[in-house]
Amino acid sequence: MGRQVVAFILVLIGFLGTILICGLPMWKVSAFIGANIVTAQITWEGLWMNCVVQSTGHSQCKAYDSVLALPQELQAARALVCVSIAVSVLAIGLTVVGASCTTFLRDDWQAKSKVGMAAGVTFMVAGVACLIPVSWSASSIITGFYSPVALQGTRGELGASIYVGWVSGALLLIGGSMLCSTFRC
């Protein structure tokens, strides 16, 4: 039962991280290249909006105008992160039913074990659904950074959401596999 609680805490942190990366516009941040470290503004790009932060501390965000005008990569990333969140919600419900510390299905331990196993597998699916868009976006950002065609002002670096997304996906995978290992078929 202790391992189930630890696994649930891990997947809960991963789930909250996935919600965080969905909302924060820090997937790609402006890069400071060369000797010019004095900048008037910093740009942040996310799944749902772009933000500009002035050197005075004033920030302004603008949501994307049209879904159809977005690059396919961004549309896919949006969809996969939302799928990861939805699958995690389903997995949390399954965990509540299948966990040893709850009274759901207490008379049928075999069914309870199967529900718990399904919860672990569902969390692992959510972890993969989180890792795919984060890794894909990171690859795109890195490729754009090292592209000789890219202009100095348009280059970007990995933002905090990319790192949080990797940790969240890993926690969902680890916690899901821990949940699976605590149940017998």
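# Notebook: pairs, bridges and cysteines

**Entry 1, the charged pair.** I started at D65, which is exposed, with a relative accessible area of 70%. The model I am reading is a predicted one, and I kept that in mind throughout. Which residue forms a salt bridge with D65? I found K62 there, with the closest N and O atoms of the two side chains 2.8 Å apart. That sits inside the 4 Å allowed for such a pair, so I was happy to write it down. K62 itself counts as partly exposed, at 49% relative accessibility. How many salt bridges does a search of the whole structure find? The search gives 1, and I have just described K62 with D65. As a reminder to myself, side chains of opposite charge can pair when their charged atoms come close.

**Entry 2, the cysteines.** Next I went through the sulfur atoms. How many disulfides does the count come to? The count is 1 disulfide. It joins C51 to C61, with 1.9 Å from S to S. I also looked at the twist of this link: the angle about the S-S bond is 105°, and the link of C51 and C61 is right-handed. C51 belongs to strand 3 (residues 49-54) and C61 to strand 4 (residues 59-63), so the bond ties together parts that lie 10 residues apart in sequence. Are the two ends buried or exposed? C51 is buried at 2% relative accessibility, whereas C61 is partly exposed at 44%.

I then asked why C101 has no such bond. The closest cysteine sulfur to that of C101 is in C180, 16 Å away, which is too far for a bond. C130 gave me a similar note: its closest cysteine sulfur is in C22, at 10.0 Å, again too far for a bond. Sulfur atoms have to lie within 2.5 Å to be called a disulfide. C130 is buried, with 0% relative accessibility.

**Entry 3, the aromatic rings.** I looked for ring pairs, and the structure holds 2 aromatic pairs. In one of them, the ring centres of F145 and Y146 are 5.0 Å apart with the planes at 90°, so this pair is edge-to-face. Y146 counts as exposed, at 64% relative accessibility. Y163 and W166 form an edge-to-face pair as well, with 5.8 Å from centre to centre and 70° between the planes. The angle is the part I checked, as edge-to-face needs planes over 60 degrees apart. How far apart in helix 4 are Y163 and W166? They are 3 residues apart in that helix (residues 160-181), so about one helical turn separates them. Y163 is partly exposed at 44%, and W166 is partly exposed too, at 29%.

**Entry 4, W136.** I stayed with tryptophan and moved to W136, which I found in helix 3 (residues 109-146). It is partly exposed, with a relative accessible area of 40%. Which residues does W136 touch, not counting those up to four places away in sequence? I noted E73 and A76. For a longer view I took V97: W136 and V97 are 39 residues apart in sequence, and their C-alpha atoms are 34 Å apart in space.

**Entry 5, two buried hydroxyl residues.** T95 has its place in helix 2 (residues 72-98). Is T95 buried or exposed? T95 counts as buried, at 6% relative accessibility. Leaving aside neighbours within four places in sequence, I found T95 in contact with F8, A119, F123 and L179.

S30 was my other stop, in strand 1 (residues 28-30). S30 is buried as well, with a relative accessible area of 13%; the limit for that label is 20%. Setting aside neighbours within four places in sequence, S30 is in contact with Q41, I42, T43, R155 and E157.

**Entry 6, a nonpolar patch.** I finished on the surface. Which residues make the nonpolar surface patch of about 390 Å²? They are M1, V5, I9 and I13. I picked out I9 for a further look: it is found in helix 1 (residues 2-23). I9 is partly exposed, with a relative accessible area of 46%, and that clears the 30% a patch residue has to exceed.

Technical notes. Residues numbered from 1 in each chain as written. Predicted model: local features only at pLDDT ≥ 70, side-chain atom pairs only at ≥ 80, totals over all residues. Heavy atoms only, no water. Phe/Tyr/Trp six-rings, centres within 6.5 Å; stacked < 30°, edge-to-face > 60°. Buried < 20%, exposed > 50% of the residue type's maximum accessible area, 1.4 Å probe, protein only. Contact = heavy atoms within 4.5 Å. Patch = residues over 30% accessible without salt bridge, like charges linked within 9 Å, V, L, I, M, F, W, Y side chains within 5 Å. Areas by Shrake-Rupley, 256 points an atom, 1.4 Å probe, with all protein chains shown as cover.
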